Amino acid sequence: MTVIIANIIDLIAACIQVFSGSIKQKTKILLVQIVQLLFQGISMLLLGGVTGAISNVLSCFRNYLCYKDKLSVFWKILLIAASIAMTIVLNDQGFLGIIPAAVCTVFIIFMDTKDP
């Protein structure tokens, strides 16, 4: 039953993600993505994907900082370090457990580029 609930929550997250593609303002995109990432993080926790859930929480915080124009080099380094550290500590899925941290790192590095 937990798997079904987690997949329904993940479906909602996917629908929100698709919807965010139609939004043109960066600030609105960031807010909608925060909601999407929270849903996806809950789904991952229910399915046992701890590193993915942590990556999503860090991504929510990253989006919030970017929304407030506070995503400095300091925060980027701190978020990347936290993502990598949590992955090292909590990863029990081998290579698959590393992928969320890698994705989180790439997004953090390029989050505030002026010409996406």
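# Exercises on a predicted five-helix model

Buried residues account for 34% of the 116 residues in the protein. The model is a predicted one.

## Exercise 1. Overall fold and dimensions

Task: state which secondary structure elements the protein has, and determine how its radius of gyration stands against that of a compact globule.

Solution.
1. The secondary structure consists of five helices and zero strands.
2. In sequence order the pattern reads α-α-α-α-α.
3. The C-alpha trace spans about 40 × 30 × 20 Å along its principal axes.
4. For 116 residues, a compact globule would have a radius of gyration near 13 Å. The protein has 14 Å, so the value agrees with the globule rule.
5. Of the contacts between residues at least 6 apart in sequence, 62% join residues at least 24 apart.

## Exercise 2. Cysteines

Task: find how many disulfides the structure contains, and give the surroundings of Cys-66 and Cys-104.

Solution.
1. A disulfide is a covalent bond between the sulfur atoms of two cysteines. The cut-off applied to a pair of cysteine sulfur atoms is 2.5 Å.
2. Searching the whole structure gives zero disulfides.
3. For Cys-66, the nearest cysteine sulfur belongs to Cys-104 and is 13 Å away. Cys-66 is therefore in no disulfide, given the cut-off of 2.5 Å.
4. For Cys-104, the nearest cysteine sulfur is that of Cys-60, at 10 Å. Cys-104 is likewise in no disulfide.
5. Cys-66 has a relative accessible area of 6%, so it is buried. Cys-104, at 2% relative accessibility, also counts as buried.

## Exercise 3. The nonpolar surface patch

Task: identify which elements give two or more residues to the nonpolar patch.

Solution.
1. The protein exposes about 7300 Å², of which carbon and sulfur atoms supply 73%.
2. One nonpolar surface patch has an area of about 980 Å². It is made by Met-1, Val-3, Ile-4, Ile-5, Ile-8, Ile-12, Val-35, Phe-39, Ile-42, Leu-46 and Leu-47.
3. The elements that give two or more residues to this patch are α1 (2–20) and α2 (26–47).
4. Val-3, one of the patch residues, lies in helix α1.

## Exercise 4. Three residues in three helices

Task: classify Thr-87, Tyr-67 and Thr-105 as buried, partly exposed or exposed, and place each in its helix.

Solution.
1. The class limits are under 20% relative accessible area for buried and over 50% for exposed, with partly exposed in between.
2. Thr-87 is part of helix α4 (residues 73–90). Its relative accessibility is 9%, so Thr-87 counts as buried. Setting aside residues up to four places away in sequence, Thr-87 touches Thr-51, Gly-97, Ile-98 and Ala-101.
3. Tyr-67 belongs to helix α3 (residues 50–67). At 29% relative accessibility, Tyr-67 counts as partly exposed. Apart from neighbours within four places in sequence, Tyr-67 is in contact with Thr-27, Leu-30 and Leu-31. Tyr-67 and Ile-29 are 38 residues apart in sequence, and their C-alpha atoms are 9.3 Å apart in space.
4. Thr-105 sits in helix α5 (residues 95–110). With a relative accessible area of 16%, Thr-105 is buried. Thr-105 and Val-73 are 32 residues apart along the chain, with 13 Å between their C-alpha atoms.

Key: Residues are numbered from 1 along each chain as its sequence is written. This is a predicted model: local features need pLDDT of at least 70, side-chain atom pairs count only at pLDDT 80 or more; totals for chains, interfaces and linings use all residues. Side-chain values use heavy atoms; hydrogens and water are left out. Buried means under 20% relative accessible area, exposed over 50%, partly exposed in between (1.4 Å probe, protein chains only). Patches are made of residues with over 30% relative accessible area and no salt bridge: like charges are joined within 9 Å, nonpolar side chains (Val, Leu, Ile, Met, Phe, Trp, Tyr) within 5 Å. Accessible areas come from the Shrake-Rupley method with a 1.4 Å probe; for residues, only the protein chains shown count as cover. A salt bridge is a side-chain nitrogen of Lys or Arg within 4 Å of a carboxyl oxygen of Asp or Glu. Helices (H or I, at least four residues) and strands (E, at least two) are DSSP runs, numbered from the N terminus. Contact means heavy atoms within 4.5 Å. The radius of gyration is taken over C-alpha atoms; the globule rule is 2.2 Å times the number of residues to the power 0.38.
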